[in-house]
Amino acid sequence: MLTRRSLIKTFCALPLVACMPRLGHAQNSVDFPKLKSGYAQRLKKILAAGELPYVDIESSCNSTKLDMDFVAKSMDRLNIGLMALSADIGKGQFKEGVRFDNLSERLLANYPDRFIPVGNGGQAPALTEAPDEFLAAQEAAARTKQIMLLGEFELRHYPSPRQAKRGEMERDVHVPIDGPIGHRVFSLSEKTGVPFQIHYEIEDGLLTPLENMLEQYPKAKLIWCHLAQIRYIERASRYTPAYVDALIKRFQNLYFDTAFGDSGSIYPLSNQRHARVWANDGSLKAEWRDLIVAYPQRFLSALDLGGDRLGRIDEYDQKHRNFVQRLPTKTQHQVAYRSAWSLLFGEEFA
Ligand SMILES: [Zn+2]
């Protein structure tokens, strides 16, 4: 009997190239130096106009529903310098056999001076149901220099606030960081030098496994997304500014992105204000500000736009700028674009 799967297999076995566009493997590698000069021009243009550009290091979307012109125009209007907009492979795409979404290639074809080529969001079903195929495709893209960044890999992820409100509890994900998938991802970054992002809820029991992995893969470049976003404070007694300070000192290739809610943002499942950088009066807590000022090169701007909220880019931009503005001017520039620049290109922005 001819099943869909066997048809695809047969099809792929004949001329190998025939199925490549579908699976998105092995497209052309990207001319990084050329991209870099376009990025620099764009950032400098915004700076010359007296505005602060930033690099959104972590946003994602459903590529089949993306209006890239809208995002590009919004970036111009809001003085957003660059964006790492990754595609999440949805259930529909997954069923069709997609293991690598070449959104980045399409973004660069249209707007090469503003999008950073990035791999796909590591989440269910791709990461959990077909980890080997999915990670092999991400690895191929990293090795052939199609992408500069990997992720965000969702290793421990509670339902997002919007999902919780909609009653969608299926995204309660736990992929052990020190299990086979975690090892493969850390090792991939270490071997290729390509940084990767993780979503990893802050819980006491999860911290030691993370530290062990960082120790085992010292050259892996990890961005731990959502600094100080603690959904349940009673599960996270160890995580403090002093703890993060110690991590930064221990691990030279550990970074944090600053995508978190505003001071009033509440995680519906715990009813707690989960963005812990904020004090009750809405100011940035001094201990978090001091930590960022002490190691600004380890902190990165990020919006965390997603498929269900790209239309709210103005609001997310405003929220993020409200945070950045509370830092000293020099730190603002470091966190906004200099940290991303040195992480991606291995040199200072000049
Ligand atoms: Zn996340």
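**Cysteines.** I looked up Cys225 in this predicted model and found the residue buried, at a relative accessible area of 2%. Cys61 is likewise buried, at 1%. I then searched for disulfides and counted 0. The sulfur of Cys225 is 16 Å from that of Cys61, its nearest cysteine sulfur, so the two fall outside the 2.5 Å cut-off for a disulfide.

**Sheet.** I traced an open sheet of 6 strands with mixed pairing, in the order S4-S3-S5-S6-S7-S10. Strands S4 (173–174) and S10 (299–300) are at the edges; each has a single partner strand, so one side of each lacks a neighbour in the sheet. I noted that S6 (residues 222–224) runs parallel to S7 (residues 254–257), with 3 bridges between them. Ile223 has Tyr255 of S7 as its bridge partner.

**Aromatic pairs.** I recorded 19 aromatic pairs in the structure. One of them joins Phe153 and Phe196, with ring centres 6.5 Å apart and planes at 65°, so I entered this pair as edge-to-face. Phe153 lies in strand S3 (residues 150–157) and Phe196 in strand S5 (residues 196–200), 43 residues apart. Phe153 is buried at 1% relative accessible area, and Phe196 is buried at 0%. Phe196 also pairs with Phe186, the centres being 5.0 Å apart and the planes at 75°, so this pair too is edge-to-face. Phe186 belongs to helix H10 (residues 180–192) and is buried.

I further listed a cluster linked by ring pairs: Tyr200, Trp224, Tyr239, Tyr243, Phe256, Trp288 and Phe299.

**Charges over rings.** I found the charged end of Arg235 over the ring of Tyr232, 3.7 Å from the ring centre. The charged end of Lys319 sits over the ring of Tyr316, at 4.1 Å from the centre.

Conventions: Residues are numbered from 1 along each chain as its sequence is written. This is a predicted model: local features need pLDDT of at least 70, side-chain atom pairs count only at pLDDT 80 or more; totals for chains, interfaces and linings use all residues. Side-chain values use heavy atoms; hydrogens and water are left out. Two strands pair if DSSP finds at least two bridges between them. Helices (H or I, at least four residues) and strands (E, at least two) are DSSP runs, numbered from the N terminus. Buried means under 20% relative accessible area, exposed over 50%, partly exposed in between (1.4 Å probe, protein chains only). Rings of Phe, Tyr and Trp (its six-membered ring) pair if their centres lie within 6.5 Å; planes under 30 degrees apart count as stacked, over 60 as edge-to-face and the rest as tilted. A charge sits over a ring if NZ of Lys or CZ of Arg is within 6 Å of the ring centre and within 35 degrees of the ring normal.
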